[in-house]
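This report covers the sheet, the helices packed on it, and the salt bridges of one model.

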Amino acid sequence: MTDEQERVQPSGVWSTAVGVARVRALESEREDALFRDPLAQAFAAAGGLWPSSPPLPDDEAARRRRLAVTFSIVIRTKFLDDLLQQACASGIRQVVLLGAGMDSRAFRMDWPEGTRLFEVDTAAPLDFKASVLRQERAVARCERIAVAVDLREDWPRALTAAGHDPTMPTVWIAEGLLIYLPEDAVDLLLARISAQSAAGSRMGLTLGSRGAIDRFGADAVPGSAASMWVSEMPEDPVGWLAGYGWQAGCHTLRERAAAYGRPISTSPQHEEGPGGLISAVRR
């Protein structure tokens, strides 16, 4: 039986990772792409989202919301790419992607010698991903270690067993993850990350902006990403992370988009609070 025949199709929260791959594939086709992800199209195709995808809604407001989510994925990907490059330039050689999904940074980015990259996710998406990687004969550019564990379980123990050294600095990435976790689970995740982080560790987070669930989830199609969102950014994300021992900087999507040459031309339709793109350093 071939990998394609054995492949379990995406479902539940992790199915959104295939949608993210499709966005990255589309971005990669642009002449002015902010990044290029050569595996994204293969992930999207394996999940049934390439070359076609669900049509945009007829409702204009719903269309705008869908496009806004797509745009945010592109900007956050570039933001976290830059953060990872800066972390490696500072000497960090341990990378942990929490809820890794179809992330292909192990394959598409240039990594310093000695870099170990851990992809933490449940078995289903990691198995799906592995079948696509075999199909594409993909070769990682660093030491890539898949850690199959549910983030609701004792994932730090599994990560350590896989070779992560908590006495050495780590750069942690939680991209498009926290919005799917209830607040108590977000706090537990941050506590666990902090306990595994030596001084000088770095972290990149994406957080749902305040009011996003009301704006995007109220009439979301059942099973869509927005229908599964449950948590938003704290009112004071910098203070919140300081409580865990991190010195954080907050960036808005609008601010980063302008810096990357993709300015948002429309005026904000609501008051913009602290940004949902977070970079932090362990004190």
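## Sheet

Two strands pair if DSSP finds at least two bridges between them. Strands (E, at least two residues) and helices (H or I, at least four residues) are DSSP runs, numbered from the N terminus. By these rules, 7 strands form an open sheet with mixed pairing. The order is β3-β2-β1-β4-β5-β7-β6. Strands β3 and β6 (246-251) are the edges, and each pairs on one side only. Neighbouring strands are turned by 15° against each other on average, direction ignored. Axes are lines fitted to C-alpha atoms, for helices over the stretch in contact; angles run from 0 to 180 degrees between N-to-C directions.

Strands of a sheet pair through backbone hydrogen bonds, either parallel or antiparallel. Strands β5 (residues 202-206) and β7 (residues 277-282) run antiparallel and are joined by 5 bridges. Here R202 stands opposite V281 in β7.

## Model and conventions

The model is predicted: local features need pLDDT of at least 70, side-chain atom pairs count only at pLDDT 80 or more, and totals for chains, interfaces and linings use all residues. Residues are numbered from 1 along each chain as its sequence is written, and side-chain values use heavy atoms, with hydrogens and water left out.

## Helices on the sheet

Which strands does helix α4 touch? Helix α4 (residues 60-89) packs on the sheet and contacts (heavy atoms within 4.5 Å) β1 (94-98), β4, β5, β6 and β7. The direction of α4 makes about 175° with that of β5. Helix α6 also packs on the sheet, touching β2 and β3. The direction of α6 makes about 145° with that of β3.

## Salt bridges

A salt bridge is a side-chain nitrogen of Lys or Arg within 4 Å of a carboxyl oxygen of Asp or Glu. The whole structure has 17. One of them joins R24 and E175, with the closest N and O atoms 2.7 Å apart. R24 lies in helix α2 (residues 16-28), E175 in the loop between β4 (171-174) and α8 (183-195), 151 residues apart. Both are buried (under 20% relative accessible area, 1.4 Å probe, protein chains only; exposed is over 50%, partly exposed in between). R24 and E175 also belong to a salt-bridge network with R76, D81, D103, R105 and R108.

R144 and E119 meet in another salt bridge (3.0 Å, N to O). R144 lies in strand β3 and E119 in strand β2, so the pair ties together parts 25 residues apart in sequence. R144 is partly exposed at 25% relative accessible area, whereas E119 is buried at 0%.
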